[in-house]
Structure formats: structure tokens, C-alpha cells
Amino acid sequence: MGRCVRSDQVSLLAGQPYHLAFVAQEQLLMSTATPHQQDLKDKSDSEHKRSRVPHAAKLYHNLVPAYQAFWPAVAGKNIRAEVGALQLAKDTKVLEVGVGTGLSLASYPTHIRLTGIDLSESMLAEAQTLIDRKGWDHISVQPMNAEELEFEDDQFDVVTSFHTVSVVSNPAKMMRELVRVCRPGGQILIINHFRSDNPIIARVVDSAGNVTKRLGWRTDLELEEVLRELPIRIDQRYKPNPFSFFTIMKATAKPDRV
């Protein structure tokens with residue numbers, strides 16, 4: 001007999017970014033497995049437990065094609081619009097944290113110097129292939145942990161991150177690193193899901209936590225939580241439309257040192 005997913009389980013997937021929803025769906029299907037399938041799952045449990053960061057998980061490696069096919073339609077418009085609005089000057093040094101397969105790279109002008117980092121080497125391989133094919137000599141990518149950036153303080157003029165802070169193991173630590181490597185007066189651009197200020201919406205989305213926490217992705221992450229006590233000034237915080245699950249945050253790093 002085929003497996004089925006209960007309607008209450010399916011509802012947990014609604015509104016999640018596609019590259020995470022696919023993984024969540026796989027997890028839900030495994031929870032309804034037959035005894036033989038459950039045995040296969042148990043054998044792989046230790047492997048999954050060793051990988052608490054989603055980008056390091058085997059599922060994320062296997063989902064690269066689906067990620068590339070669907071994610072641009074979900075996030076691409078916002079990223080293109082917000083990167084364009086930065087009006088980056090010539091030779092601006094930009095760092096993108098969580099660059100993945102490079103789906104955002106075409107949004108940047110070619111007169112800047114862009115560095116992209118990600119924990120997933122398989123995704124970075126796709127990004128490098130794209131860079132080579134396009135002849136983008138202004139872009140470099142490298143594997144790196146977002147919570148332990150291997151850069152000097154104040155090294156970048158602009159730091160961006162799209163849909164990454166809620167999937168790292170320590171979001172506050174990642175944000176400290178973004179601020180640390182951004183120069184005083186530099187710009188920080190974040191697009192991500194954060195917990196809604198509307199208590200009804202927040203409770204509904206939080207109900208997905210039992211699924212997403214198994215992936216290392218938080219539905220209850222609050223922006224204030226990750227920015228607490230950081231030397232940062234929030235210049236803008238808004239949603240691209242009233243029905244969006246995503247929040248756009250633009251900020252200035254270390255304004256007191258300008």
C-alpha cells in the first residue's frame with residue numbers, strides 16, 4: 001500500500017521556502033514509513049544526527065536540482081530588486097553569506113568585487129560552474145561557516161544574506177560575524193523569514209516548528225533576537241507585500257564609528 005501524508009502534515013509545508021519544503025516533505029513521508037522502510041530510516045539516523053546544519057545534509061546535496069528549478073521563482077524578484085536598490089559603486093567590496101548555487105549572482109553589477117561563501121561544497125560547485133560559464137571575473141566563491149567567517153574585521157563595504165540566518169545553528173552568532181566583517185558605515189541587507197508580529201500568524205507558522213527544527217530551520221526566529229546588543233542601526237524593515245512570509249532588513253554597521 002502506498003504511503004500517505006495527513007492533511008495536518010501537509011499544512012505544515014505551506015509557505016515554506018521551496019528548498020526547505022522539499023526536505024520537510026521527505027521528513028514527513030519518512031515518519032509514515034512501513035516497517036521495512038522504517039528499518040532503512042533507522043540505519044541512516046546516525047548520519048542525519050551528525051549533520052545539524054541543513055546545507056551539510058545529504059538531502060540538501062540531493063535537492064540541488066529542485067532548489068535551482070523552484071527557488072528563483074520564490075525569492076529571485078525580491079533579491080534582484082533589493083540588490084539593485086543598493087546602487088553599488090565601482091569596486092565596492094561585497095560579501096554574500098549563504099550564496100548556495102549562485103542564484104543571486106546575476107543580480108549584482110559587474111563593476112563590484114563580490115565574494116560568496118557557503119557551507120555546502122556541492123552547491124558552491126554549481127555556483128562556480130555558473131561563474132565560469134558567464135565569465136564573471138568579479139566574483140569568487142569559497143566554502144566557509146557563516147558562524148566563523150575567515151575574514152578580518154571591517155573588510156567589506158556591503159554584506160548580504162538571503163534566506164540563510166534561520167537555517168544556521170546559531171543565528172545570533174552568524175549576525176555578529178556579518179556585522180564584524182562589515183566596515184563602519186557599511187550596509188547590511190538581509191532577506192529572511194522572521195517570526196510575525198501578528199500573534200495569530202505567528203502561532204500558525206510556529207506550529208511547523210516540530211518539522212522544521214529537525215532540519216535545523218527555525219520558524220520562530222525573531223529579528224530582535226539576532227540583533228540584540230549589536231553595533232547596528234536598522235534603517236528599513238518591511239515585507240515586500242502584506243502576504244509575504246519574508247522580511248527585508250536594511251541596516252548600517254557600526255554607525256557610532258563613522
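1. The charged end of K93 sits over the ring of F156, 5.8 Å from the ring centre. That wording applies when NZ of Lys or CZ of Arg is within 6 Å of the ring centre and within 35 degrees of the ring normal. One caveat up front: this is a predicted model, where local features need pLDDT of at least 70 and side-chain atom pairs count only at pLDDT 80 or more, while totals for chains, interfaces and linings use all residues. Residues are numbered from 1 along each chain as its sequence is written, and side-chain values use heavy atoms, with hydrogens and water left out.

2. F156 turns up again in the one aromatic pair that the structure holds. Its partner is F151, and the geometry is edge-to-face, at 5.0 Å centre to centre with 85° between the planes. For the terms: rings of Phe, Tyr and Trp (its six-membered ring) pair if their centres lie within 6.5 Å, and planes under 30 degrees apart are stacked, over 60 edge-to-face, the rest tilted. F151 is buried at 12% relative accessibility, and F156 is buried at 2%. Buried here is under 20% relative accessible area, exposed is over 50%, and partly exposed lies in between (1.4 Å probe, protein chains only).

3. Next, have a look at α6, residues 121-134. This helix has 14 residues and reaches 20 Å from first C-alpha to last, close to the 20 Å expected at 1.5 Å a residue; the expected span is 1.5 Å times one less than the number of residues. Helices (H or I, at least four residues) and strands (E, at least two) are DSSP runs, numbered from the N terminus.

4. Which residues of α6 are buried? They are M123, L124, A127, L130 and I131. Seen down the axis, these fall within an arc of 115°, so they line one face of the helix; the arc is taken from the directions from the helix axis to the C-beta atoms. An α-helix has 3.6 residues a turn, so residues three or four places apart point the same way. On the other side of α6, E121, D132 and R133 are exposed. G135 follows the helix with a positive phi, near 70°.

5. Two backbone spots to check by eye. Most residues other than glycine have a negative phi. D91, not a glycine, has a positive phi of about 70°; it lies in the loop between α5 (64-85) and β1 (93-97) and is partly exposed at 40% relative accessible area. K254 also has a positive phi, near 50°. K254 lies in the segment after β7 (247-253) and is buried, with a relative accessible area of 7%.
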